Amino acid sequence: MQLLETYPRLKIFIPLIYLIHEDLIVSGIESDLIKKYLDRQTWLTQDERSAINKITTADFNLNGALVELKKSVREQVIAKDFNADAGLIDLGLAFAKGEKNETWAKMALQHQDILDFLNHESFYHFFPEQRSTHSQKADTVYSFDIDFLQRVLDGDQISLIKEIKGLISSGTFEFKHRNDLTLFRDEIYRACLILANKGYGAISYPKQYGGCHDMAAYFTVMESISYADLSLAIKFGVQFGLFGGSVMALGTKKHHDKFLKDIGTLKLPGCFAMTETGHGSNVRGLETTASYEHSSRSFIIHTPHEQAQKEYIGNAAVHGQLATVFAKLIIDGDDYGVVAVLVPIRDTDGNLLSGIKIEDCGNKMGLNGVDNGKIQFDQVSVPYDYLLDRFVSIDEEGKFKSGISSENRRFFTMLGTLVGGRIGVPRSALSATKTGLATAIKYSNLRRQFGPELNMEIPILNYRMHQRRLIPSLAKTYALHFALRYITNRFTNRKEEEAQEIEAIAAGLKAYTTWHNTATLQECRECTGGKGYLSENRIDDLKNDSDVYTTFEGDNTVLMQLVAKSRLTEFKQFFNHIGFTGYINYFASQAFTSVAQKNPLIVRNTDEQHLLDYDFHINAFRYREQDILTSAAKRLKRLMDTGMDSFDAFNVCQHHLIQAAEAYIERIVLEQFDQSIRQVNDPGSKNILRKLCQLYALHTTEEHNGWYLESEYMAPVKTKAIRKQVNQLCWEIRKEAVPLVDAFGIPDNCLGLIARA
């Protein structure tokens, strides 16, 4: 550069000049500091000052000299053996003829502190290859046996899972016509037929009907095939779970003998026709009628108007031949509530039967391999024996009979037998979540972007915000895996007195898991950038297919209200049982717990050992759960004491009740995660699972920081410490994120192309 050759003493500023022009953007504050530094250089002549002021402006054109400046600094630094902590003027001294012996050079060094904002790490701008940052060191490590952890996750279903994943890996379930509605539906149907022929369709039915009487195995099949395709999982669930399950659970031996074997082999495709256009979650409000005619010992199934048509019914548009229809039982003009009746809708050649009108729902946001349809019945007559009569019947004299006298109890008992759908759906959703996370995490570990220097890019999974977006979801996914195993075991080994509790937990976990699925897949899409938008990487199908999970088998918000009402019922029964003395003792114990846990030392405790302690986690979860439930109950009572109708009171408190349900489910998830970890005997697996449990607990607590602060359960200093601890756990778990998703054992051909080995 000519100016530097004309004024050689200005070469001491070469490193400074380089940094100014390398950045290209010099803020007003930075310009002022550079000017302040140069103004203090009293050794500069007027001409030198004019020249350096000109060169150090951001808009000065170096005419391509930037590369040469960097090269010259590198050569001088290597020759003079400078340290990495050298400042800009220290580096520039290499260009001073007499170095520090020159008076003017010493004067330049005196005011170098003004340039600290540029001095910081200036050495690495010239020697980026010598930079070693903390962020670069977050490489993948393997501190546990992946195969062992996978066995922990698979549990006692390991053999069945291996069989299903073997089918998937072999290419048995490759669907090539997703964009052709007719062909895709046919592919899904044939895939279901393959599963049925291998005995998986009837797996939950009694042995005499071709099954193993193993409901846990049914859930495992549905969960496992979800890795291949969610349309397949739902088609499987509709046929063998909802339709076949309704016949098994609501019917009696005559129905089992006549239908179950053919349902299990898919010889008899069927539908589960509950939802109506005008009534979805409110099953008691259904308007389809089943009018009993005693003279012919038959039922007349009728759709009174369009809003009463059965809508969104799986298997209805193309394949279904028989439907379990939920309708109001009418006898001699009296309404006896909702019953289930089997109604033939097609013959074996696929022709609609008399009085049946079916309209194809057509293309949907997802799950287009499932043939959803709308069904209307026009005075369709079916014989009496088609009534699923486990809980209701009509005697020889035409009188209504039931072993359960209360219509209310009978209705909920009938629906309670179908709670399995609320276990199968979240397990399927979690498979989609795992697939999305595995794709996003594996890709994020490989994809490099930015870094200390352009030629030192780091994996995007090393960025703390990227970890924040994916790692807590990974922890929650693990937590939900064990929670869903817990409710599966409770459901398959249930006792009658546990029915209400199991139904509430299943409803809550269904909502909690599917909400998690929707949120996580969105993060996975964003975290994989444009690659995540490509269909080849599957996130689009996973998102679109699973989105409806939040509203079928019960709208999530409605289900959470069911959970809250169940909790309030238990709360009320508890107080009715313990009496006045127990009531006083309960609130005394609550007050004692509050005082103990709100001890100023505990409220402000930021010690790492305390923050990572399970007792702290579970106490915080329980306190929130109990406090919200108690305050909701008090609020409802207060409103109703003023004369407000109970329906209006519940409506006013709806948000409060949803919070109570959420706190209840979160506590159960945490407890079951901890219980599962205690049973693991491999130190490496146990250690990483414990970290995931700590992250789930602390991240969930962090999400409720506002509540804990309002309740004075935690001081601001503690919530800040929790945030810091969450960051640290994300950083630590990041190193094992890849082996953690490998432990899911997802078949390679189910992952997005960007993540396949």
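Helix α26 is largely enclosed by the rest of the structure, because 19 of its 25 residues are buried. The model is a predicted one, and the burial described here is a property computed from its atoms, with a residue counted as buried when its relative accessible area is under 20%. The helix comprises residues 654-678. At 1.5 Å a residue, its 25 residues should span 36 Å, and the end C-alpha atoms lie 37 Å apart, which agrees with that expectation.

A similar account can be given of helix α27, residues 683-703. This helix has 21 residues and reaches 30 Å from its first C-alpha to its last, close to the 30 Å expected at 1.5 Å a residue. Helix α27 is mostly covered, with 16 of its 21 residues buried.

One partner of α27 is helix α18, which runs over residues 464-492. Two packed helices are described by the angle between their axes and the distance between the axes. For α18 and α27 the angle is about 110 degrees, and the axes are 9 Å apart. Helix α18 is therefore roughly perpendicular to α27, since angles of 65 to 115 degrees are classed in this way. On the α18 side, the contact is made by Arg 468, Ile 471, Pro 472, Ala 475, Lys 476, Tyr 478, Ala 479 and Phe 482. These residues meet Leu 689, Leu 692, Leu 695, Tyr 696, His 699 and Glu 702 of α27. By character, the residues of this contact divide into ten nonpolar, one polar and three charged. The spacing of such positions may be read against helix geometry: an α-helix has 3.6 residues a turn, so residues three or four places apart point the same way.

The strands offer another element to follow. An open sheet is formed by three strands in the order β4-β8-β7, with antiparallel pairing. Strands β4 (310-313) and β7 (356-360) stand at the edges; each has a single partner strand, so one side of each is left without a neighbour in the sheet. Neighbouring strands of the sheet are turned against each other by 25 degrees on average, direction ignored. Strand β8, residues 373-377, pairs with β4 in the antiparallel sense over two bridges. Within β8, Gly 373 stands opposite Ile 313.

Finally, Gly 92 belongs to helix α6, residues 88-92. Gly 92 is buried, with a relative accessible area of 0%. Leaving aside neighbours within four places in sequence, Gly 92 is in contact with Lys 11, Ile 12 and Pro 15. By contrast, the C-alpha atoms of Gly 92 and Asn 445, which are 353 residues apart along the chain, are separated by 39 Å.

Terms used:
Residues numbered from 1 in each chain as written. Predicted model: local features only at pLDDT ≥ 70, side-chain atom pairs only at ≥ 80, totals over all residues. Heavy atoms only, no water. Helix = DSSP H or I, 4+ residues; strand = E, 2+ residues; numbered from the N terminus. Expected span 1.5 Å × (residues − 1). Buried < 20%, exposed > 50% of the residue type's maximum accessible area, 1.4 Å probe, protein only. Contact = heavy atoms within 4.5 Å. Axes fitted to C-alpha atoms, helices over the stretch in contact; angles between N-to-C directions. Parallel < 35°, antiparallel > 145°, perpendicular 65-115°, else oblique. Nonpolar A, V, L, I, M, F, W, Y, C, P; charged D, E, K, R; others polar. Pairing = 2+ DSSP bridges.
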